[in-house]
Amino acid sequence: MNLYIFGWPSCIGGSTTRLAHLLLLLYKDFAITVVPPDRRAFEDTSWMEAAARLGIRVRMLSSLPRKLDGWALSICNYDFLKRTLVSVRKRGLRVAWSNDMMWHFQKELGALSLGCMDLILYVSQAQRQALEPGYCSALLAERPSLTEDTRWGWIDGRIRQVPWAVIDNYVDPASFPFKDRFLKSGWESRPLRVGRLSRADPDKFPDDFPDFYEGLGLREPRFRVMGWSETLSRRWQAHHFRSHWDLLPEAAETQVEFLHSLDLFVYSLSGRFQESWGRAVVEAMLTGAVPLVPSGTEHHLRNLITHGVSGFLCDAPESYRHYARLLQDDPWLRREMSRQARRDAVERLCHADSHRADWRRALMKG
């Protein structure tokens, strides 16, 4: 089956990172052509060489035949909606659309109502619950004369005509190797290293950050944050960041280097933000950093953690404090949970055969 993926992979950014790992996952199952947004992609020698090794073609849309057969896949790509979707449909490709966010893009709902999408992909049930009402409203706008008694039956029938599937994100375990924090001598006396990795989105940080971290009550910790920015510095300019803080911009270190430097991945979030999946949490688990994440049903994060085995689900600041102190006071528990985090991520969340089967089923459904 031919699969034309519109976008370009990278190691930074949720959707482009997801694309990079999908290429590693699917290159044996589909005849993949990556269609980049512009010709600068051909100057990215590392990814061009990787595509060549995997047998993946890279082509501009203008260089492809006028008639194509197969699927066009777009992941969280507004430029695709704005500039490319109509041309892709005219060439005969079916369109699979995946929005990684918890909100709709401009033009997304219009494209659905016009029948330009053949398959809707969600990354989690939490995301489906957030996005599906918007899709229903877009279809309703197409028939404003429907009565209250008939409109929802009509919408349900239309939604069923546009197949959908929930396919979890895939993270390649080999890209995030495990690090045993307990091998080198002196590990007992070094500071506990606590941190987080995310985009520098102010809404991702809780309003009481960095007091939240300092309020964990840990003994001489080291706090490390990657994904910091001038905007965040201005937001908390009144806070005195002492020497035990490392505030790093995006890509100051590789994700692997940064996650290997952490013992605990404490991922508190603003109440204004909903996490559709949680890639950074799974990356942390793969490397052996023990995650502490919010337990709320508005996030998918609670489905990533096996509570008390591969991490902890926290419903209040007191929960974060309790579990962080427990893991500092009991290094042997921390060591076991570090290993279990890796095992849980590999076996339950990142099982390649299961993910490939999900993709085959979804595209066959469409």
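In this predicted model, Phe6 and Phe80 are both buried. Their ring centres lie 5.1 Å apart with the planes at 55 degrees, so the pair is tilted, given that planes under 30 degrees apart would count as stacked and those over 60 as edge-to-face. The contact joins distant parts of the chain, since Phe6 belongs to strand S1 (residues 2–6) and Phe80 to helix H3 (residues 78–90), 74 residues apart.

A second tilted pair is formed by Phe223 and Trp245, and here too distant parts of the chain are linked, with Phe223 in strand S9 (residues 222–228) and Trp245 in strand S10, 22 residues apart. Phe223, at 2% relative accessibility, counts as buried, and Trp245 counts as buried at 7%. The two pairs are set out below.

| Ring pair | Centre distance | Plane angle | Class |
|---|---|---|---|
| Phe6 and Phe80 | 5.1 Å | 55 degrees | tilted |
| Phe223 and Trp245 | 4.8 Å | 45 degrees | tilted |

With ring centres within 6.5 Å taken as the criterion for a pair, the count comes to 22 aromatic pairs. Phe223 and Trp245 also belong to one aromatic cluster, which is completed by Phe205, Phe209, Phe212, Tyr213, Trp228, Trp236, Phe241 and Tyr320.

Strands S9 and S10, which carry Phe223 and Trp245, are part of an open sheet of six strands, ordered S10-S9-S8-S11-S12-S13 and paired in parallel. Strand S10 (245–249) and strand S13 (312–314) occupy the edges, and because each has a single partner strand, one side of each is left without a neighbour in the sheet. From one strand to the next, the twist averages 20 degrees. Within this sheet, strand S8 (residues 193–197) pairs with strand S11 (residues 264–266) in the parallel sense over two bridges, and Gly195 has Phe265 of S11 as its bridge partner. Helix H12 (residues 331–349) lies across S11, strand S12 (290–294) and S13, and runs at about 80 degrees to S12.

Another helix contact involves helix H1 (residues 14–26) and helix H13 (residues 352–365), whose axes come within 10 Å and cross at roughly 95 degrees. That angle makes H1 roughly perpendicular to H13, because angles of 65 to 115 degrees fall in that class. On the H1 side the contact is made by Arg18, Leu22, Leu25 and Leu26, and on the H13 side by Ala352, His355, Arg356 and Trp359. Sorted by class, the contact of H1 with H13 comprises five nonpolar residues, one polar residue and two charged residues.

Methods
Residues numbered from 1 in each chain as written. Predicted model: local features only at pLDDT ≥ 70, side-chain atom pairs only at ≥ 80, totals over all residues. Heavy atoms only, no water. Pairing = 2+ DSSP bridges. Helix = DSSP H or I, 4+ residues; strand = E, 2+ residues; numbered from the N terminus. Axes fitted to C-alpha atoms, helices over the stretch in contact; angles between N-to-C directions. Contact = heavy atoms within 4.5 Å. Parallel < 35°, antiparallel > 145°, perpendicular 65-115°, else oblique. Nonpolar A, V, L, I, M, F, W, Y, C, P; charged D, E, K, R; others polar. Phe/Tyr/Trp six-rings, centres within 6.5 Å; stacked < 30°, edge-to-face > 60°. Buried < 20%, exposed > 50% of the residue type's maximum accessible area, 1.4 Å probe, protein only.
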